[in-house]
Amino acid sequence: MKLSRSGWNNVIIFSIMAFILMINMTNNKLFSEGEEPSISNEAYIVGEGSVILTLMINQQMTVEREGVSWRTVPKEKLTAQAAEQMMRTWHNAKGEVITPEFSHSSANAIVVSMMIAGFNNIHLFSVYPSDELLVVFNHQTSTYVALPPQLFPQLMPAEIFN
């Protein structure tokens with residue numbers, strides 16, 4: 001078959017369009033409406049994709065972003081590796097959104113304040129540790145997030161309270 005250059009271009013264009021239509025049609029059949037993922041009742045403590053600039057715990061210790069690493073004030077409270085692990089845990093921690101069915105008082109809460117990139121105001125969190133459940137209350141969104149209690153030493157290393 002002998003076609004001109006513009007003729008071959010048209011053949012290529014139409015074959016690509018047919019290929020795209022075929023992909024779209026099979027995609028709709030593969031992922032039908034009945035198979036949509038269920039709506040999850042999970043949430044990140046700090047918004048997904050948020051960048052934490054500073055974190056202050058009970059106004060006793062501050063962790064600040066310094067380039068790609070973290071700096072703690074006072075310096076002797078936490079090692080650089082422990083600060084990195086703690087901040088990674090705060091950033092990645094995800095739990096189930098709950099309605100508070102526990103009695104909590106602000107006396108036994110650990111108050112955490114954060115500066116997050118893109119926001120002018122300070123974000124406040126109250127952390128309620130217990131043996132059965134670790135609950136974090138986000139004051140900005142008024143949501144309670146339940147986490148496993150094993151996550152508490154990663155969110156708040158023991159060195160902070162010494």
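This report describes the sheet, the nonpolar cores, the aromatic pairs and the salt bridges of a predicted model.

## The sheet and its helix

Nine strands, in the order β1-β5-β9-β8-β7-β6-β2-β3-β4, make up an open sheet with antiparallel pairing. At its edges stand β1 (42-44) and β4 (69-73), each of which pairs on one side only. Direction ignored, neighbouring strands of this sheet are turned against each other by 30 degrees on average.

Helix α2 packs on the sheet and touches β1, β2, β3, β4, β5 (94-98), β6 and β7. The direction of α2 makes about 105 degrees with that of β2.

Several neighbouring strands can be followed in detail. β2 and β6 run antiparallel and are joined by 5 bridges, and here Met56 stands opposite Ser113 in β6. β6 is in turn joined to β7 by 5 bridges, again with the two strands running antiparallel. In this pairing Val112 has Phe125 of β7 opposite. The two strands β6 and β7 form a hairpin with 6 residues between them. Gly118, in the turn of that hairpin, has a positive phi of about 95 degrees.

On to β8: β7 pairs with β8 in the antiparallel sense, over 5 bridges. Tyr128 stands opposite Val135 in β8. β7 and β8 also form a hairpin, with 4 residues between them. β7 itself is mostly covered, since 5 of its 7 residues are buried.

## The nonpolar cores

The largest nonpolar core holds 29 residues. Which of them touch the most other members? They are Ile45, Ile57, Met86, Trp90, Val112 and Met114. Elements that give two or more residues to this core are β2 (52-57), β3 (61-66), α2 (80-92), β6 (110-116), β7 (123-129), β8 (134-138) and β9 (143-147). The largest share comes from α2, with 5 residues.

Apart from this core lies another one, of 5 residues, including Ala109, Val135, Phe137 and Tyr144. Val135 was met above as the residue of β8 opposite Tyr128.

Met86 serves as an example of the contacts made in the largest core. Leaving out residues up to four places away in sequence, Met86 touches Leu55, Ile57, Met61, Val63, Leu78, Gln154, Leu155, Pro157 and Ile160. Ile57 is, like Met86, among the core residues that touch the most other members.

## Aromatic pairs

The structure holds 2 aromatic pairs. In one of them, Trp90 and Phe125 are tilted, with 6.2 Å centre to centre and 55 degrees between the planes. Trp90 belongs to helix α2 and Phe125 to strand β7, so this pair ties together parts that are 35 residues apart in sequence. Both partners are shielded: Trp90 is buried at 0% relative accessibility, and Phe125 is buried at 1%.

The other pair is Phe137 with Tyr144, whose ring centres are 4.5 Å apart. Is this pair stacked or tilted? It is tilted, because its planes stand at 35 degrees and planes must be under 30 degrees apart to count as stacked. Phe137 has 13% relative accessibility and counts as buried; Tyr144 is buried too, at 11%. Phe137 and Tyr144 are both among the residues of the 5-residue core.

## Salt bridges

Side chains of opposite charge can pair when their charged atoms come close. The structure holds 4 salt bridges, including those in the table.

| Salt bridge | Closest N to O distance |
|---|---|
| Arg71 and Glu64 | 2.1 Å |
| Arg71 and Glu66 | 3.5 Å |
| Arg88 and Glu84 | 3.3 Å |

Glu64, Glu66 and Arg71 are linked in a network of salt bridges. How exposed are the members of this network? Arg71 is partly exposed at 34% relative accessibility. Glu64 is partly exposed at 21%, and Glu66 is partly exposed at 43%.

Arg88 and Glu84 both lie in helix α2, where they are 4 residues apart, about one turn of the helix. Arg88 is partly exposed, with 40% relative accessibility, and Glu84 is partly exposed as well, with a relative accessible area of 28%. Trp90, in the same helix α2, is by contrast buried at 0%.

Technical notes: Residues are numbered from 1 along each chain as its sequence is written. This is a predicted model: local features need pLDDT of at least 70, side-chain atom pairs count only at pLDDT 80 or more; totals for chains, interfaces and linings use all residues. Side-chain values use heavy atoms; hydrogens and water are left out. A nonpolar core is a set of buried Ala, Val, Leu, Ile, Met, Phe, Trp, Tyr and Cys residues joined through side-chain atoms within 4.5 Å. Buried means under 20% relative accessible area, exposed over 50%, partly exposed in between (1.4 Å probe, protein chains only). Contact means heavy atoms within 4.5 Å. Rings of Phe, Tyr and Trp (its six-membered ring) pair if their centres lie within 6.5 Å; planes under 30 degrees apart count as stacked, over 60 as edge-to-face and the rest as tilted. Two strands pair if DSSP finds at least two bridges between them. Axes are lines fitted to C-alpha atoms, for helices over the stretch in contact, and angles run from 0 to 180 degrees between N-to-C directions. A salt bridge is a side-chain nitrogen of Lys or Arg within 4 Å of a carboxyl oxygen of Asp or Glu.
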